[in-house]
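Here is a friendly walk through one protein model. Have the viewer open as you read, and follow along residue by residue.

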Amino acid sequence: MNTEQLKELQAPLKAKYREAPDAAVITLTAEGTLGEGITCSVQTGKALTAAGLHPATGGNGLSACSGDMLLEALVACAGVTLGAVATAIGVKVKSGSVHAEGELDFRGTLGVAKDAPVGFKTIRLRFDLDTDATDEQIATLLKLTERYCVVAQSLRQPPTFSISRRA
């Protein structure tokens, strides 16, 4: 896809959302089914994934770790966003990869230490890009990718969160 094709694809959507802001508010959903042992099967866009405990919390390593899945969602979103931004601003990326890593202190999730946080303490995202773009263009590309990546922004500025039970 080139810059003009992307603009042509997005122009009617942008116009619609400017005219009717409420039309831009869409609820995304995900569902899972509790499974055998301590697992939960989640239907992704293309496959069924069984998530389970990380080996550091007693898992056997055969099920996907939800922490890994969060990082994978970040990598996917950031990669797609970078591609769209590069296309929109005319930066040619010949090839590239996206890497995410984060530290967890499992004492928190296991309730071993009340002062240990539950969740990631740090997350780092890195792009390795093969491009002839200038340093200034790359800086703009990364800045806009961070700005428009839904998962990155949700981690940076957590949304309002609630939990409930339906009988």
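## A leucine at the surface

Let's begin with L155, which is partly exposed because its relative accessible area is 35%, between the 20% that bounds buried residues and the 50% above which a residue counts as exposed. Please keep in mind that this is a predicted model. L155 sits in helix α5, which covers residues 150-156.

L155 also has company: together with L70 and I123, L155 makes a nonpolar surface patch of about 190 Å².

## The first helix

Now turn to helix α1, residues 3-19. How far apart are its end C-alpha atoms? They are 24 Å apart, and this agrees with the 24 Å that the 17 residues should span at 1.5 Å a residue.

The helix also has a bend to look at. At Q10, α1 bends by about 35 degrees, and the proline P12 follows within four residues. At the start of α1, N2 places a side-chain oxygen within 3.0 Å of the backbone nitrogen of E4.

## Salt bridges across the chain

Next come the charged side chains. Side chains of opposite charge can pair when their charged atoms come close. In this model the count of salt bridges is 6.

One of them joins D132 and K94, with the closest N and O atoms 3.0 Å apart. This pair links distant parts of the chain, as the two residues are 38 residues apart: D132 lies in the loop between β6 (120-131) and α4 (135-148), and K94 lies in strand β5 (residues 93-104). Is D132 buried or exposed? D132 is exposed, because its relative accessible area is 65%. Its partner K94 is partly exposed, at 47%.

## Other charged pairs

D105 and R107 also meet in a salt bridge, with an N to O distance of 2.6 Å. Here the aspartate is buried: D105 has a relative accessible area of 16%, so it falls under the 20% cut-off. R107, at 39% relative accessibility, counts as partly exposed.

For D128 and R126, the salt bridge has an N to O distance of 3.2 Å. D128 is partly exposed, with a relative accessible area of 34%, and R126 is partly exposed with 44%. Finally, there is a network to find in your viewer: salt bridges link E101, E103 and R124.

Key. Residues are numbered from 1 along each chain as its sequence is written. This is a predicted model: local features need pLDDT of at least 70, side-chain atom pairs count only at pLDDT 80 or more; totals for chains, interfaces and linings use all residues. Side-chain values use heavy atoms; hydrogens and water are left out. The expected span of a helix is 1.5 Å times one less than its number of residues. The bend at a residue is the angle between axes fitted to the seven residues ending there and the seven starting there. A polar contact is a pair of N or O atoms within 3.5 Å; within protein, one must be able to donate a hydrogen and the other to accept it, and residues adjacent in sequence count only if both atoms are side-chain atoms. Patches are made of residues with over 30% relative accessible area and no salt bridge: like charges are joined within 9 Å, nonpolar side chains (Val, Leu, Ile, Met, Phe, Trp, Tyr) within 5 Å. Accessible areas come from the Shrake-Rupley method with a 1.4 Å probe; for residues, only the protein chains shown count as cover. A salt bridge is a side-chain nitrogen of Lys or Arg within 4 Å of a carboxyl oxygen of Asp or Glu. Buried means under 20% relative accessible area, exposed over 50%, partly exposed in between (1.4 Å probe, protein chains only).
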